[in-house]
Amino acid sequence: MAGRKKTRISPELQWITLGGLVILIFGWWVWASQFGSPDHVVSVTMPVLSDQARQGREVFESNCAQCHGPEAGGTPQGPPLIHKIYEPNHHADAAFLLAVQRGVRQHHWSFGNMPPQPQVGRAGATAIISYIREVQRANGVY
Ligand code: HEC
């Protein structure tokens, strides 16, 4: 067998590489599971609400809470809105109005589509936005 030199990776290095991969994949999994996961429910701190936000809370509870949870912390039917995805820079108030008027196609999560909620009306939606923004601020989402 003269002249045939194989470059071989030492067994230790193989284990180290494998270990590194496992750690990477695990880290990715932990990171990825904070998005997309259907039962991602957030525990919410409720601040003292302004009058408009209190009205919004009522409208929210009767129209949105079945999916988003009474405090917008999410349920198995819908995502939490007290979440950095929905902070004002990512989802401006206009996105909330659109969601209420036209519904939302599934894109961030895997709950399916959100049906339109036209019964809420513009005033209702505006009150809901105050409610969500105040709760977001109280929970460090802004
Ligand atoms: C039948 C369940 C359901 C109801 C009722 C519901 N939603 Fe949703 N909503 C969803 C789901 C599911 C999503 C996530 C869609 C995605 O991004 O995958 C969503 C997403 C949203 C978004 C994000 C929109 C975007 O641009 O990504 C907003 C804002 C929102 N809902 C507000 C509301 C408000 C306000 C109400 C009540 C008026 C409401 N939802 C009622 C299921 C619901």
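1. Alanine 127 has its place in helix 5, and this residue is a convenient point from which to read the model, which is a predicted one. Alanine 127 counts as buried because 23 other C-beta atoms lie within 10 Å, where the cut-off for a buried residue is 20 or more. Leaving aside residues up to four places away in sequence, alanine 127 touches Gln52, Gln55, Gly56 and Val59. Arginine 57 is 70 residues from alanine 127 in sequence, yet the two C-alpha atoms are 7.8 Å apart in space.

2. Helix 5 as a whole deserves attention next. Helix 5 covers residues 121–138, and its 18 residues should span 26 Å at 1.5 Å a residue, which agrees with the 26 Å that separates its end C-alpha atoms. The buried residues of this helix are Ala125, Ala127, Ile128, Ile129, Tyr131, Ile132, Arg133, Glu134, Val135 and Gln136, and they pack against helix 2 (51–63) and helix 4. After helix 5 comes glycine 140, which has a positive phi near 75°.

3. Which residues touch the most other members of the largest nonpolar core? In this core of 19 residues, they are Phe60, Ala72, Ile82, Ile128, Tyr131, Ile132 and Val135. Two or more residues of this core come from each of helix 2 and helix 5, and helix 5 is the element that gives the most, with 7 residues. Isoleucine 132, one of the core residues named above, touches Ala72 and Leu81 when residues up to four places away in sequence are not counted. As background, nonpolar side chains in soluble globular proteins tend to be buried together.

4. The surroundings of the ligand form a separate topic. There are 26 residues around the ligand, and those that come nearest are Cys64, Cys67, His108, Phe111 and Met114. The elements that contribute two or more residues to this shell are helix 3 (65–68) and helix 4 (93–102), and helix 4 gives the most, with 4 residues. Sorted by class, the shell holds 15 nonpolar and 11 polar residues, and no charged residues. Helix 4 therefore appears in two parts of this note, since the buried residues of helix 5 pack against helix 4 as well as helix 2, where a contact requires C-beta atoms within 7 Å.

5. Helix 1 calls for a separate comment. Helix 1 runs over residues 11–32, and its 22 residues reach 31 Å from the first C-alpha to the last, close to the 32 Å expected at 1.5 Å a residue. Is this helix buried or in the open? Of its 22 residues the number buried is 0, so helix 1 lies largely in the open.

6. The overall form should be read with these details in mind. The protein has 5 helices and 0 strands, and along the sequence it follows the pattern α-α-α-α-α. Its radius of gyration is 23 Å, whereas a compact globule of 142 residues would have one near 14 Å, and the C-alpha trace spans about 85 × 30 × 25 Å along the principal axes. Buried residues account for 25% of the 142 residues. Among contacts between residues at least 6 apart in sequence, 70% join residues at least 24 apart.

Conventions
Residues are numbered from 1 along each chain as its sequence is written. This is a predicted model: local features need pLDDT of at least 70, side-chain atom pairs count only at pLDDT 80 or more; totals for chains, interfaces and linings use all residues. The radius of gyration is taken over C-alpha atoms; the globule rule is 2.2 Å times the number of residues to the power 0.38. A residue is buried if 20 or more other C-beta atoms lie within 10 Å of its own, exposed if 12 or fewer, and partly exposed in between; C-beta atoms are placed from the backbone. A residue is near a molecule or strand if its C-beta atom, placed from the backbone, lies within 6 Å of it. Ala, Val, Leu, Ile, Met, Phe, Trp, Tyr, Cys and Pro count as nonpolar, Asp, Glu, Lys and Arg as charged, and the others, Gly among them, as polar. The expected span of a helix is 1.5 Å times one less than its number of residues. A nonpolar core is a set of buried Ala, Val, Leu, Ile, Met, Phe, Trp, Tyr and Cys residues joined through C-beta atoms within 7 Å.
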